Amino acid sequence: MLLRAADQDGRRMTDAELRDQLMTLLVAGHDTTATGLSWALERLTRHPEILTKAVQAAQASAAGDPEGDDYLDAVAKETLRNRPVVFDVGRILTRPVEIAGYRLPAGVLVAPGVGLVHSDDRIYPDAQRFDPDRMVGATLSPTTWLPFGGGARRCLGATFAMAEMRVVLREVLCRVELVATDAPAERQKVKHVILIPHRGARITLARHLTARPTAAVGRSGSAQ
Ligand code: HEM
């Protein structure tokens, strides 16, 4: 599709432009989603009751029940709140602005504290707690849930990433039995521009499950 894509004048992309598009997909799209999923499994295996609920949701989702999808989406949303993958989304001011009493001149780099907003107890009661139920049916504000950044440059792949997370979680939870652990939470470690689990989100599988779900892609994602 990229090779065939053309603009209104029929001009196709140069090799350099094609390379840039592929780099964007790989760099912006792969590591971020893979890390979000790693955190989801790290979180689930440390919360046995939520893991059990997620397995039931995965089975429901595989059977075509939208409530199963909703809970898996809630797991993904809560994971990205509790363990945001990208911690910095910078903007350079094009004109002076006053934020919270600070007068900032044009040219200054500003960045919202994604992790700080996500761990504010006034917005998310008992914010440190991993609790997907708080995301079920919740209307998320772009100023208080911002794992995908915001505004005109918000992540282009957000809806796709949420759909990927749902499908992968469903398939993993239906195919293997994960062992819950009382090991301490993994620390957030900076890798380039993202925060990864410092031990690589190690998990233990009890066994492979024989009954495999038929992979229905399900409804389109609803990243808000
Ligand atoms: C959980 C997975 C992902 C996370 C946490 C994430 C997060 C982000 C963040 C925070 C930004 C910066 C937004 C801003 O400046 O306001 C961004 C930009 C971007 N992301 Fe993602 N992303 C994810 C998955 C993806 C995927 C799967 C794709 C593509 C398939 C993608 C493509 C992009 C692109 C193209 C931009 C640049 C948008 C622009 O500057 O206009 N991302 N992402």
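## A walk from D69 to the ligand

Select D69 and S61 to begin: their side chains are joined by a polar contact of 2.6 Å. Keep in mind as you click around that this is a predicted model. D69 belongs to helix 3, which spans residues 66-82. Is D69 buried or exposed? Its relative accessible area is 5%, and buried means under 20%, so D69 counts as buried.

**Next stop: the ligand**

Now bring up the ligand and the residues around it. The space it takes is the largest pocket. There are 21 residues around the ligand, and the ones that come nearest are A28, R91, G150, R153 and C155. Show those five as sticks and go through the polar atoms.

- Pick R91: one of its polar side-chain atoms is 2.7 Å from an oxygen atom of the ligand.
- Pick R153: here too a polar side-chain atom lies 2.7 Å from an oxygen atom of the ligand.
- Pick A28, and keep its backbone on display: a polar backbone atom of A28 is 3.3 Å from a nitrogen atom of the ligand.

Which helix gives the most to this shell? Colour helix 1 and you have it: helix 1 supplies six residues. Helix 1 covers 15-45, and helix 5 covers 158-175; each of the two supplies at least two residues of the shell. If you colour the shell by class, you should end up with 10 nonpolar, seven polar and four charged residues.

**Along helix 1 to A34**

Stay on helix 1 and select A34, which has its place there. With a relative accessible area of 32%, A34 is partly exposed. Add F148 to the selection and draw a distance between the C-alpha atoms: A34 and F148 are 14 Å apart in space, while 114 residues separate them in sequence.

**A positive phi in a loop**

Jump to D126, in the loop between helix 4 (114-118) and helix 5. Check its backbone angles: phi is positive, about 50°, although D126 is not a glycine. How accessible is D126? Its relative accessibility is 44%, so D126 falls between the 20% and 50% limits and counts as partly exposed.

**Last stop: the hairpin**

Finish with strand 6 (residues 188-191) and strand 7, which run antiparallel and are joined by four bridges. To see how the two strands line up, select Q188 and look across to strand 7: P197 stands opposite.

Then follow the chain round the turn. Two residues sit between the strands of this hairpin, and H192 takes a positive phi near 50° there. H192, found in the loop between strand 6 and strand 7, is not a glycine either, for all its positive phi. Is H192 buried or exposed? Exposed is over 50%, and H192 has 68% relative accessibility, so it counts as exposed.

Now turn on the side chains of strand 7, residues 194-197. Which ones point which way? I194 and I196 go one way, L195 and P197 go the other way, and all of them are buried. That fits the usual rule: in a regular strand, side chains alternate between the two faces of the sheet.

Terms used
Residues are numbered from 1 along each chain as its sequence is written. This is a predicted model: local features need pLDDT of at least 70, side-chain atom pairs count only at pLDDT 80 or more; totals for chains, interfaces and linings use all residues. Side-chain values use heavy atoms; hydrogens and water are left out. Buried means under 20% relative accessible area, exposed over 50%, partly exposed in between (1.4 Å probe, protein chains only). Two strands pair if DSSP finds at least two bridges between them. A residue is near a molecule or strand if one of its heavy atoms lies within 4 Å of it. A polar contact is a pair of N or O atoms within 3.5 Å; within protein, one must be able to donate a hydrogen and the other to accept it, and residues adjacent in sequence count only if both atoms are side-chain atoms. On a 1 Å grid over the protein atoms alone, a cavity is a set of points where a 1.4 Å probe fits but cannot get out, and a pocket is an open set with protein on both sides within 12 Å along at least five of seven lines; lining residues have an atom within 4 Å of a point. A molecule sits in a cavity or pocket if more than half of its atoms lie within 2 Å of its grid points. Ala, Val, Leu, Ile, Met, Phe, Trp, Tyr, Cys and Pro count as nonpolar, Asp, Glu, Lys and Arg as charged, and the others, Gly among them, as polar.
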